[in-house]
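Got a few minutes and a structure viewer open? Here are some exercises on sheets and helix packing, each with a solution you can follow step by step.

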Amino acid sequence: MALTWIDVSSVDAAYDAAASACVRSLEQGRRPLVVVPAFDDVAPAQKALSRRGAAFGVGVGSYASWLDDLWELFGDGRSVVASAERLARCAELLQDSSVLMSSGGMARLLADVVAQALPQVRTASGEGLSVNELALIELARAYGESLETGCLVERCDAVCLLPVAAWETYDVLALGFDSGELTPHQAIAFEKADARLFSNERRVVCFGGKPRSPELGSLLAALYHPDHEAPVSATGALRFAFPSGKGAEPRMLVELAEGLCEQYSGQRVVLASTHPYGLFVDLVHEGSLAQMGFRYEGPVPFAQVDAGRLLLQMADAVGLWEGAPANVRAAADLVLNPLVGMKPGRAFSLAGKWRGNRLLTSEELASSLAQDLPKGLAPMVGAIRAGNVPEALVSLTKFVSSRTHLPKAYLALQLSVLAKARELALEAQGRKVGARLLLDLIEGLSAGVALKAEGASGCACVEVMSLEGAARLEPVSCAALVVCEMNSSERPVRAEESALRTLLAKLGIPCESDALARVRRTFYDTASAVCETLVLERALHAGDAEPQYPATLFEEVVDCYRALEDVGGSLQPEELVEPYAVTRDLMPFVVRLSEADFVRAAVGGKGQKTAFVDELPPSGVVSEASSQLIVLPRSLERAKQPGLDLSPSAIESYLECPHRWFAQRRLSLDTPDEGFGGLERGTFVHDVLEAFYLRLKEGGHARVTAENVRDACALLDQVFDERLDRQFEKEPGRRYVFASRWEEERLAVIKRKLAAYVASEPAFLPGFAPSYFELNFGVAQTCPYAGHRLNGTIDRIDVDAKGNAVVIDYKTSLSKEFDAHEKESDFSEGLPLPRKMQALVYAKVARDGVGFDLDGGPAIKKVVGALYVNPLTGEVRGAYDAHVLGPECIPGINASRAAVPFGRVSSFDEFLDEAERVLERRLVGLVVGDIRPNPYGRDVCSYCPSMLCERRLA
């Protein structure tokens, strides 16, 4: 027995040799069988042999079907195991392993090992194997034992078990296999069958006398061994397409396909992609404007169709076990799934309700989904919660079948993918595979489908396939072919290094494979399918705007057109045109499309191929008429009065950047999620400190002193726990609640920091007593400020026996922006205001005493400080009157940046009055609707939701 390799110059010569061998075999009374690698190769081989007179009496089949046929005739009665049952059995065994992780990837690795090397696994010594590899080998052996009890057999075992008579059944001739790419059991099978394998050396580019463009013929002849002294001449048969980015790629491919279909009317046009199904979906969407038709036949990943996403989103949303956390983001995606058919407004409303409650449990979310989703999905929710994936698939299949108003082709795609998943789920159900592992396996499934999106009547239909699929096309069978994504990141050439290959090598199974040779063969066969025009397409930039670089295959094609010039006695390559990486002779055959260079009609019709380019208007620039549409804060009762109703925080926000103020406060561009961040933390700390000081006062203590500090800390501990418990009684969005152990620990840290702050209070503002807390103003009576009306809340005011008051604003994060002034202030443009203004505004309000009621507390005669205090760190910033207070009264403050007087400012009252006048001038822009970006500092942009602003981080 021997395997014979027969070298032939081309695929044409391979078919000729195979046909002649088949005829001779028939003449000798034998039964010729032509074996091809896969089922998709059968039909092309049958047609090629038929044209050469080798049709009758000649069998053509895939390698798998040949072995299955022999086993059915000569086997021991066992059945060849199907892929779904193999995967289910491997998953079942994996669940019992104490060493290996129970995951879909590990189950698929085990399935690959037993499919390719079960005989070698049985005899493996274990020498040189890691702990995990030994565990995998033991599971593989257990799998082999389970096959014997189940009357099943693997093909790799069948090859070893078949009798000699089986291999004499056919005269085996193999086409499409390359030396070095055979699997171990393929090599054994062909050797036992005395097979003759025709190895295509790809040396001749003709095929059956069919015409091909001279340039493409020269390119194929020069590919991978170019003659730089006689390079290929560019005549337009090879073209290039360069969209500037991934956003423009689908539009460019549609325009390319449309142009090629018009040029080669009635002939075959093909697009070859690394992700053909995804490209098909994009092209159908883009092609609807051009009324193009597209066809795709191949695998569709389960997770890329709406039905598959619906199942996976449901499992992510409500969990598969009791007590699992709710995934509200998955639920939000689920209600927008086209199969659900929910109106967008309702879907966004539900998503907002779920995302606004961070304590939402999976049980509550499941109940909401069962109630708010279409009735047909309610059983699926229950099945998922029970961990019954097969039942969930049955319910989902019934639901999809009931959506008869949807296009038939769309429903057929969903049902095809679900059928593949149900096949695996039924096998796994009998094996008692866990729900989480089963879903992991299902997510990795693909189903073979045939899809067609019809274009307008009379329009050509473009085929979309993978590069491997295009390589199977008959030579010179299509007029034009576009090879997409010719970038190094999308078509890398790297040696295959995987856990499977490593393990097989340790078992003594050769796995030699030349990655570069393999992709070269594939591309050569793809290029051989073209007779007129080959187009190489690659985006110049990735989705994140990073530059892309040409793939090795792209560079090797361009090399065939490069001449070498004799420079200084050595040969130097001709320069390439950047960023395209093509020669100057090829530039006339380059087409480009920028993401900003095309527009589409607003309703229907074609997109404009030659669009005008216009600069975007600057952010925040609006016409006088449009400025009236900018809604400004104004109470209904005071709509006719001059001025606006403002809060100090709104004023500060506008001063930091008018455009950010508009985006955040008028457009409300904020996340709907209930947070556990600085805003919620600050509100909670305010609540705790207010309650603490009120309780301290009720206990007869005016302030924290050295004598009562221990009792004060104990009181804080009690108040903190009480206020924390009350958080869980509040409505979502108005509370600070932990949802994890880590967050609970963060609250414990906050508690310790507040206790440390209270312990430091005896040294802070001696002689002053905290007198007012959360003091509201501008509600019952008007509080004028800077020509407007203020409303807000002062966190705390401390007052001494003389009526001197210090306004305190709590902040759980402080920086130098909270300082009152610089060490050396510049008055060339008037008073230099600090970036943070709230405390100064509060101080002016407290000094004037207009707009609020002090409720019988101590009178405020003079405001001598406007301080920001971080109770979590004890840090203090702001401004104080140096005539009354000193830095020794405010531990930690930087007097050079906080003391008043400073520069031309002679008193604290003057500072407050001048700050009001400056603010009044700067708020004129708010009155007239000026929302142009004017950020005060880089970090303002970091938290701005307006991502396209030209001033962002400038």
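The exercises below go through sheets first and helix pairs afterwards, and keep in mind that this is a predicted model.

**Exercise 1.** Work out the strand order of the open sheet of 5 strands, and find its edge strands.

*Solution.* Start with the order: the strands line up as 1-7-6-2-3, and the pairing is parallel. Next, look at the two ends. Strand 1 (4-8) and strand 3 (59-62) are the edge strands, each pairing on one side only. Going from one strand to the next, the twist averages 25 degrees.

Now zoom in on one end of this sheet. Strand 2 (residues 32-36) pairs with strand 3 in the parallel sense, over 4 bridges. If you want a residue to click on, try Val 36: its bridge partner in strand 3 is Ser 62. Finally, check what covers these two strands: helix 2 (residues 42-51) lies across strand 2 and strand 3. Helix 2 runs at about 160 degrees to strand 3.

**Exercise 2.** Decide which strands of the sheet with the order 18-21-20 have a side left without a neighbour.

*Solution.* This is an open sheet of 3 strands with mixed pairing. Strand 18 (645-646) and strand 20 (784-785) stand at the edges and have a single partner strand each, so one side of each has no neighbour in the sheet. Then take the pairing of strand 20 with strand 21 (residues 788-790): the two run antiparallel and are joined by 2 bridges. Within that pair, Tyr 785 sits opposite His 788 of strand 21.

**Exercise 3.** Is strand 14 mostly covered or mostly open, and which strands does it pair with?

*Solution.* Take burial first, counting a residue as buried when its relative accessible area is under 20%. By that cut-off, 7 of the 8 residues in strand 14 (residues 530-537) are buried, so the strand is mostly covered. Now for partners. Strand 8 (residues 238-243) pairs with strand 14 in the parallel sense over 4 bridges, and here Ala 241 has Glu 537 as its bridge partner. Strand 13 (residues 478-483) also runs parallel to strand 14, joined by 5 bridges. In that pairing, Cys 478 stands opposite Val 530.

**Exercise 4.** Describe how helix 5 packs against helix 22: what are the angle, the distance and the residues in contact?

*Solution.* Helix 5 (residues 104-123) meets helix 22 (residues 499-506) at an angle of about 40 degrees, and the axes are 10 Å apart. The two helices are therefore oblique to each other. Their crossing is right-handed. On the helix 5 side, the contact uses Leu 109, Asp 112, Val 113, Gln 116 and Ala 117; on the helix 22 side it uses Ala 499, Leu 500, Leu 503 and Leu 504. Sort these by class and you get 7 nonpolar, 1 polar and 1 charged.

**Exercise 5.** Do the same for helix 4 and helix 5: at what angle do their axes cross, and which residues meet?

*Solution.* The axes of helix 4 (residues 83-95) and helix 5 come within 9 Å and cross at roughly 120 degrees. That makes helix 4 oblique to helix 5. The crossing is right-handed. From helix 4, the residues are Arg 86, Leu 87, Cys 90, Ala 91 and Leu 94. They meet Met 106, Ala 107, Arg 108, Leu 110, Ala 111, Val 114 and Ala 115 of helix 5. By class, this contact has 10 nonpolar, no polar and 2 charged residues.

Notes
Residues are numbered from 1 along each chain as its sequence is written. This is a predicted model: local features need pLDDT of at least 70, side-chain atom pairs count only at pLDDT 80 or more; totals for chains, interfaces and linings use all residues. Side-chain values use heavy atoms; hydrogens and water are left out. Two strands pair if DSSP finds at least two bridges between them. Axes are lines fitted to C-alpha atoms, for helices over the stretch in contact, and angles run from 0 to 180 degrees between N-to-C directions. Angles under 35 degrees count as roughly parallel, over 145 as roughly antiparallel, 65 to 115 as roughly perpendicular and the rest as oblique. A crossing is left-handed if the near helix is turned anticlockwise from the far one by less than a right angle, and right-handed if clockwise. Contact means heavy atoms within 4.5 Å. Ala, Val, Leu, Ile, Met, Phe, Trp, Tyr, Cys and Pro count as nonpolar, Asp, Glu, Lys and Arg as charged, and the others, Gly among them, as polar. Buried means under 20% relative accessible area, exposed over 50%, partly exposed in between (1.4 Å probe, protein chains only).
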